[in-house]
Amino acid sequence: MTNFTGPSWDLSAVYSGPTDPGIDEDLNAFSRLLDRLESTDQRLLKLLPRIGALEPEELSCGVAHAREAFQLINDAETLLRNVARFASCLLSVDGQDDEAHKLQGRLEAHWTRLHELQAPLTQILDRAADAFVEDFLASDSTRAATFSVTHSRSRRHKLLPLAQETLVSALSQDGVHAWGRLYTQLSGTLQCTVQANGTTRDVGLAEAASLTQDASDSVRKDAWKAINRAWNAHIDTCAAAINAISGWRLELCKRRSHEQEVHFLDAPAHASHIDRRTLDALMATAWEAAPLARRAATAMARACRKQRIGPWDQRAPAPDLGGDSSRIAFDAGLDLVAGAYGEVHPQLGDFVRMMADRNWIEGAVKPRKSPGAYCTSFPKSRAPRVYMTYSGSRSDLTVLAHELGHAFHHWTMRDLPDSQRDCGMSLAETASTFGEAITRDALFQLAATPEQQLAVAWEDCAAIVGFLLNIPTRFEFERNFYERRADRPLLPDELKDLMCDAWLKWYGDALEEPDPMFWAGKLHFYISSISFYNFPYLFGFLFSCAVHLQRQAWGGDFFARWRALLRDTGRMTAEDLASKHLDTDIREPAFWKGVVRSLENRVRRFERIVTDVVG
Ligand SMILES: [Zn+2]
């Protein structure tokens, strides 16, 4: 019998298990580093109140302490993250691994201490005069951090007096973050009553959500309704949480506007390493592209022999029209991805094989694994790992190709200093989305019948609808909500209305009915550390399409230029990156419009196949 499922990964090169003595050694070394940091911090804290105007002799001494703190934080973070990632990898594979839970629990106090002791250096570098920072960055050990330090300083106008910043950060634990935690707890306990095989049963949210990926229209619709009923029972709690989280942020924006107006979109754009003008250009282009994306949605509905798609169809698989729905065994799937990557450049194909040969991919089907997929890398060795559950479906193959793209991105940056490896959400999806696209191309080449082609092209259009209609719907709701929330908290019914308006505006005629409860059920609106966790997905999708378009133009240089672009993702803004590597200005709508135009062929191809197959 063919074994379709993926392999188990090998983590033994990191630690042998959750009780490996090496973990205690690393955590002890971490604590010793933090003890040293604590005394360095004492000296920094003395300078902090006058940091903008230091005497020359204080300046050189302050710079020396700051460099020391920088190195200690860097080394300590490497150790703690190494252990933390190991614990979370173990827990993904087995959610009931008690030793791994204990280990993760032990780390909490270490994280709190690290965050507290990091704060003085961040404050110093944000508040100091330019001369101090230039001096700080002028050494071999700190020069690499130039982008991360200057990027952070670009928003120093919004800083509050030191005592107020400290107070805000202390109060936020039981303030804004508590609302986020409340939401997570609620979603973990929610029960949804679903119908299956003529019987009614209560399932958790994760299981109900997996039913929204079912091949049957009625199963998906029923699961969607069940999820919405479950959230509706807690609608006042959700409204209280979302009003409190946004209210907290708006109040902070108001208080931070002492020098210049601080808008609620400034922080999420900054966190994504993009300019507000880039965000405007991106969203304006999405709006112009809405008719094209609606065509894709309507063609998807036609493929399912219905007129319009419903909100329960967001994760619907391609309809089974007698095409090849057989599963692809892991080894064959890996060959296919390696082949697709290898066609771009042999080294890319070799990389995929190396990931498998070294057992760096977790793909087994096991009962206690968590759903979802991710790529992580261990800070000490810089070696990546891919996590997923592979059971042979086409979408599993796409996920594998996606996560291997992330792994390649990590691998390409593995020799860079830590301060250059954080690329912000908007650029983080560049390599992964690219890997997905080239694998879909390869699958399309292999599709022998129109039915098989339809199944592959379906994924193309699902991506276009997801990124160009669903993501903007979320953005539209969130922006309109923040604008109205500035006056007063919104009632649950008002939130529903606002949500429906956003669905109807973007999906138009392509939609069967709007989803009034989407705001309550979507975790992204309740992440307390970051707002507008939506537009970076759209950015990442279109930006990776733009790179894909360069394949012909760059010809034989493609691989080298692609790798050079990826290596720069953590050390410049997205605008500078695009200017340097693509010779383009992403603040201009023209760039985004060009990318959107290239999607038209994919939609037209799908429409043609649907007409051939369904009529
Ligand atoms: Zn991803």
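This is a short talk on one protein model, from its domains to its zinc site and a few single residues.

Good morning, everyone. Keep in mind that this is a predicted model.

Let's start with the layout. The chain is divided into three parts: domain 1 covers 21–153, domain 2 takes 262–324 + 456–615, and domain 3 spans 326–446. Note that domain 2 is written as two stretches of the chain. How far apart are the C-alpha centres of domain 1 and domain 2? They lie 36 Å apart.

Now the zinc ion. Which protein atoms are its donors? His402 gives NE2, and so does His406. Glu429 appears twice, each time with an OE atom. These donors lie 2.1 to 2.7 Å from the zinc ion. Look at the angles next. They run from 52 to 142° among the four donor atoms, and the site is irregular. Why not tetrahedral? Tetrahedral would need all angles between 85 and 135 degrees, so a range of 52 to 142° does not qualify.

Let's read the site along the chain. The donor spacing is H-x3-H-x22-E. His406 sits in helix 15, residues 394–412. Glu429 sits in the loop between helix 16 (424–428) and helix 17 (430–446). The two are 23 residues apart, so this pair links distant parts of the chain. Are His406 and Glu429 buried or exposed? Both are buried.

Next stop: Tyr15 and Asp26. Tyr15 lies in the segment before helix 1. Asp26 lies within helix 1, which covers residues 21–47. What joins their side chains? A polar contact of 2.6 Å does. Both residues are on the inside by the numbers. Tyr15 counts as buried because its relative accessibility is 4%. Asp26 counts as buried too, because its value is 9%. The cut-off for buried is under 20%.

Who are the neighbours? Leaving out residues up to four places away in sequence, Tyr15 touches Asp20, Gly22, Ile23, Asp26, Asn82, Val83 and Phe86. On the same basis, Asp26 touches Tyr15, Leu79, Asn82, Val83 and Lys380. So Asn82 and Val83 turn up for both Tyr15 and Asp26. One more distance here. The C-alpha atoms of Tyr15 and Ala87 are separated by 10.0 Å, although these residues are 72 apart along the chain.

On to the strands. Strand 1 is residues 191–196, and strand 2 is residues 199–204. They pair in the antiparallel sense, over six bridges. Which residue in strand 2 is the bridge partner of Gln195? Thr200 is. The two strands form a hairpin with two residues between them. In that hairpin, Asn197 takes a positive phi near 50°.

That sign deserves a pause. Most residues other than glycine have a negative phi. Here are two more cases of a positive one. Arg305 is not a glycine, yet its phi is about 55°. Arg305 is found in the loop between helix 12 (276–303) and helix 13 (330–344). Its relative accessibility is 59%, so Arg305 counts as exposed. Asp583 is not a glycine either, and its phi is about 50°. Asp583 is found in the loop between helix 23 (574–582) and helix 24 (589–614). With a relative accessible area of 70%, Asp583 is exposed.

To recap: the zinc ion has an irregular site, Tyr15 and Asp26 share a polar contact, and strand 1 pairs with strand 2. Thank you.

Conventions
Residues are numbered from 1 along each chain as its sequence is written. This is a predicted model: local features need pLDDT of at least 70, side-chain atom pairs count only at pLDDT 80 or more; totals for chains, interfaces and linings use all residues. Side-chain values use heavy atoms; hydrogens and water are left out. Donors are N, O and S atoms within 2.8 Å of the metal (3.2 Å for Na, K and Ca); water is not among the atoms, so sites may look incomplete. Four donors count as tetrahedral if all angles lie between 85 and 135 degrees; four count as square planar and six as octahedral if opposite donors are over 155 degrees apart and all others between 65 and 115; anything else is irregular. Helices (H or I, at least four residues) and strands (E, at least two) are DSSP runs, numbered from the N terminus. Buried means under 20% relative accessible area, exposed over 50%, partly exposed in between (1.4 Å probe, protein chains only). Contact means heavy atoms within 4.5 Å. Two strands pair if DSSP finds at least two bridges between them. Domain bounds come from an automatic or database domain assignment. A polar contact is a pair of N or O atoms within 3.5 Å; within protein, one must be able to donate a hydrogen and the other to accept it, and residues adjacent in sequence count only if both atoms are side-chain atoms.
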